[in-house]
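Dear colleague,

Please find below the structure that I am handing over to you. My findings follow directly after it, grouped by region.

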Amino acid sequence: MDVNSSILELKGVGEKTGKLFAKLDIRTLNDLLCHVPRDYEIYEDPVSIAQAQDKALCAVCGTLTGKLGERRAGSLHILTAALSDGTGVMQLHFFNMPYLKKVLKPGENYLFRGTVKSRGNAKIMEQPRMFRPEEYHRQTNRLLPRYSLTKGLTNQAVQKAVKQALEQCQAPEECYDGETLDSCGLMSRQEALYAVHFPPDRETLIRARKRLVFDEFFPFLYLLRRNRQLGEGLKNDYPMLETADTVRFLEQLPFPLTKAQQKVWQEIREDMSGPNCMNRLIQGDVGSGKTILAVLALLMTAANGFQGALMAPTEVLAMQHFETVRGYVKQYGVCFRPVLLTGSMTAREKREAYRQIETGEANLIIGTHALIQDKAVYHSLALVVTDEQHRFGVRQRETLAGKGCNPHILVMSATPIPRTLAIILYGDLHVSLVNELPQGRIPIKNCVVNDSYRPAAYQFIAAQVAQGRQAYVICPQVEEGENQDLENVTDYVGKLRAVLPPQVQVASLHGRMRPADKNRIMEEFAAHSIDVLVSTTVIEVGINVPNATVMMVENAERFGLAQLHQLRGRVGRGKHQSYCIFVNTKETEETSKRLNILNGSNDGFQIASEDLKLRGPGELFGVRQSGELAFRMGDIYTDADVLKLAADTLEHLLQQDPELSESRHLPLRRYLEQSVRDTVDFRSI
Ligand code: ADP
Ligand code: MG
């Protein structure tokens, strides 16, 4: 077996389990080995019942006393027991586990682990996990992997599969030479994989993670570098003249451009009419008005008789841009002839779009990355704008060069990147900043609350809806998963329908829905036939429904701050006061501190830097910062030191051996070529 073998070759992984793994995008052994634990659990030494604090996750050991109790609450079967250790009594509640009646024997010794709830003087554990004391002690103080799961797939099943894969899979060839391994302090990839799934101790885990993150960053940086070389000093094949179209459009717009927008627009015009091809990144906080800049650049392109393309990371966002542009055509008579191209269109619709693209009938093509990857043949593509996705930027130059054209490139992003990182990531790609929000925005009112605030929040949402506004509620999961503490979209919709007045229209949206259904729901929300949208983070980027004024995020502690900031950016886009409710269901000091940063600032750059200060570099179990620039493990913020190490190492190697043709570098060259081929890793939501 090697890393490319199917997981179905593992013992115990049949078709059924295979399908569950496929839900997590795990098909090959490599996918499985790269499915690194979400975090690690540590079984601490048990505490005495007297010491067990409210809300703490802990283990207690004692004797079952008294008789088991049994009752029903609706369809729920509840089994109760009492555990005593001489210092106190812990009440145990088990739901729908009637068979435990036969297992639990009063008078015998048990160990339970769970979260303590205090009710008055009583201490309760609901659904605690039961261990034989010896079994628990064997695992005490070790780092036990916890994986992201899907319904039907247990943590144990994943662990078993990973273990088998590690034992039976041939180790991949070492791609770095000895000197590089030494100077960077990297362990072998195989060792690292083993250690990250089954860490012997914390130090080894940290070193293992470093190797894997390095492996992620290295090909990415290589690709960036190649990409940059391709773009550097490229002649401008599509020099453009300024026309009256953009001036007229700006005059017609209901608002003036902000100073920051004007400056960036000036930079774009200079690029597109100058001697070299444009290669520019526009960075601007959520809501700073980047879309209009893209529209202006595209309009200049169309007015010069060329085609422009606008790529979005999700179909939902692509659809939204398409509608916006169509609105401009209708309202202001701008010279766009737009066409939409997305994966969920029927073959016939696609054929028609291709035709319009090839003949030049369409001069503005809007869609997902399929735009440049697909069979689309362009008539005169002169500008490609990508919205909210850096990774597009990395590959597109190459793909397009392959299609025989070198259009201008404009990348728009809300991800705040510290200056030092920006240089590593973009080199001399020109960076424009939209560092100012449009005037007249009413600052969003934020609050961080615990789950007892939910009823009040629902009332608040109902009141906003009654005033004609709309709301988003974000849940971390699509359906009930292994982690029952987390809210999920499917159940939440039902819950909300039950508590909100019947006329309030509640709908759901998540990544597992068919693209056409997602589009329909988003359209209905934009058209206000839906009042409350319960969604996963698929709406994180770009969505613009100015009438929405409430963003409620469940289990907010599970999200990265940058991501929460993006989510918050979905409201506060119109003329109404907007509100953001972050529900912190795990009120530890650490989560409260983090979420309070959001409470205190609406500035994405400041939030990112505060967050970084709090978490510190090399954070092991960090929550994802943002959907953009998302690596499986690496985080450009907290792993900035590894990113720098990889960048310096790459530079050093290429200086010594620009083609990587020396024999000691051949494995690396093979690895990079392979990775570059595989990096069509556009995150499709
Ligand atoms: P983002 O930078 O997050 O992509 P958008 O481009 O979606 O932001 O803009 C957010 C909202 O602000 C849109 O409704 C847009 O029409 C509006 N907007 C953009 N520029 C201005 C401006 N200069 N003055 C007022 N409103 C603006
Ligand atoms: Mg946007």
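In this predicted model, ligand 1 has 16 residues around it, and those that come nearest are Q261, G287, K290, T291 and R441. Polar contacts with ligand 1 involve both backbone and side-chain atoms of the protein. On the backbone side, an N or O atom of P256 is placed 2.9 Å from a nitrogen atom of the ligand. Two of the nearest residues contribute through their side chains. For K290, a polar side-chain atom lies 2.8 Å from an oxygen atom of ligand 1. For R441, the distance between a side-chain N or O atom and an oxygen atom of ligand 1 is 2.6 Å. Ligand 1 taken alone exposes 570 Å², of which the protein buries 86%.

With regard to the overall division of the chain, there are three entries to note: domain 1 covers residues 57-139, domain 2 covers 230-434 and domain 3 covers 445-601. The centres of domain 2 and domain 3, taken over C-alpha atoms, are separated by 30 Å. Contact between these two domains involves 12 residues of domain 2 and 15 residues of domain 3.

I also examined the loop that connects β10 (307-311) to α12 (315-332), where T314 is located. Is T314 buried or exposed? Its relative accessibility is 6%, and the limit for a buried residue is under 20%, so T314 counts as buried. A polar atom of the T314 side chain is found 3.1 Å from the backbone nitrogen of L317.

The last region concerns helix α1, which spans residues 15-23. Within α1, the residues G18, L20 and F21 are buried. Why do they lie on the same side of α1? The reason is that they cover an arc of only 160 degrees around the axis, which puts them on one and the same side of the helix. The other side of α1 carries E15, K16 and K19, which are exposed. As for what covers the buried residues of α1, the elements include α2 (29-34) and α5 (155-168). After α1 comes D25, which has a positive phi, near 65 degrees.

When you open the model, I would suggest viewing the regions in the order given above.

With kind regards

Key: Residues numbered from 1 in each chain as written. Chains lettered and ligands numbered in written order. Predicted model: local features only at pLDDT ≥ 70, side-chain atom pairs only at ≥ 80, totals over all residues. Heavy atoms only, no water. Buried < 20%, exposed > 50% of the residue type's maximum accessible area, 1.4 Å probe, protein only. Helix = DSSP H or I, 4+ residues; strand = E, 2+ residues; numbered from the N terminus. Arc of directions from axis to C-beta. Contact = heavy atoms within 4.5 Å. Near = heavy atom within 4 Å. Polar contact = N/O pair within 3.5 Å; in protein donor to acceptor, adjacent residues only side chain to side chain. Areas by Shrake-Rupley, 256 points an atom, 1.4 Å probe, with all protein chains shown as cover. Domains from an automatic or database assignment.
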